[in-house]
Amino acid sequence: MFYRVFFVFSFLALALLNASDIKNLDSFFGNFKQTITSDSKSVIEYNGKVFIKKSGKILWQYETPIKKNVYIDNNMAIVDEPELEQAIFTKLDNEINIIKLLNEAKKIDNENYVSTINGIKYNIKASADKVSKITYKDELDNQVAINFLNIVQNGEISDEIFKFIIPSNYDVIRK
């Protein structure tokens, strides 16, 4: 379930790069803090870095509480779990229609946008034309908030950062 919601969010983030209200972004990178609060009020917090290119390449580098890298290249995802010495390769479903998402994204006011994909409503906050926060309730009724910090928009990101080389000691799982 984590991966499905994560991939939906990744497509939403990619779509934001294409949204005309946020100044024709070609790239987006910075730090993130993701907080997931369950309906029983237990909280887990993830911190790391995110790199997104308009071409469809995305890298989420989770640093705490565990190290994990999630590489996305259009409809292919790789979850690199160094602590487990494994890589999970997944082909993403085509059910996420980015064009539909873009056409339905609505600007609420100068800083707030709303978009719905697969029945999940995403609230997006942009300050000074930079995406600063995305909140939503996932399919398990968890409240998810992702805050972006130290964001650089349209900065140079080398394609090399998006290449994953499988270490020889890794188990490879294909889904």
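Start by selecting Lys 33: with a relative accessibility of 31%, this residue counts as partly exposed. Keep in mind as you click around that this is a predicted model.

Now colour the strand that carries Lys 33. That is β1, residues 27–37, and beside it runs β11, residues 143–153. The two are antiparallel and are joined by 9 bridges. Which residue of β11 stands opposite Lys 33? Pick Asn 147 and you have it.

Next, show the side chain of Glu 45. Glu 45 makes a salt bridge with Lys 33, and the closest N and O atoms sit 3.6 Å apart. Glu 45 belongs to strand β2 (residues 43–53) and Lys 33 to β1, so this pair ties together parts that lie 12 residues apart in sequence. Like its partner, Glu 45 is partly exposed, at a relative accessible area of 35%.

Time to zoom out and show the whole sheet. How many strands does this open sheet have? Count 12, with mixed pairing. Walk across in this order: β7-β8-β9-β10-β11-β1-β2-β3-β4-β5-β6-β12. Why do β7 and β12 have one side without a neighbour in the sheet? Select β7 (106–107) and β12 (171–174): they stand at the edges and each has a single partner strand, so one side of each is left open in that way. As a reminder while you look at the ribbons, strands of a sheet pair through backbone hydrogen bonds, in either a parallel or an antiparallel manner.

Back to the charged side chains. The structure holds 7 salt bridges, and the Glu 45 pair with Lys 33 is one of them.

For another, select Lys 53 and Asp 159, whose closest N and O atoms are 2.9 Å apart. This salt bridge links distant parts of the chain: Lys 53 is in strand β2, while Asp 159 is in the loop between β11 and β12, 106 residues apart. Turn on the surface here. Is Lys 53 buried or exposed? Lys 53 is buried, at a relative accessible area of 18%, the cut-off for buried being under 20%. Asp 159, at 36%, is partly exposed.

Last stop: select Glu 81 and Lys 68. They form a salt bridge too, with 3.9 Å between the closest N and O atoms. Glu 81 is in strand β5 (residues 76–81) and Lys 68 in strand β4 (residues 68–73), 13 residues apart. With the surface still on, look for both of them: Glu 81 is buried, and so is Lys 68.

Definitions and conventions
Residues are numbered from 1 along each chain as its sequence is written. This is a predicted model: local features need pLDDT of at least 70, side-chain atom pairs count only at pLDDT 80 or more; totals for chains, interfaces and linings use all residues. Side-chain values use heavy atoms; hydrogens and water are left out. Two strands pair if DSSP finds at least two bridges between them. Helices (H or I, at least four residues) and strands (E, at least two) are DSSP runs, numbered from the N terminus. A salt bridge is a side-chain nitrogen of Lys or Arg within 4 Å of a carboxyl oxygen of Asp or Glu. Buried means under 20% relative accessible area, exposed over 50%, partly exposed in between (1.4 Å probe, protein chains only).
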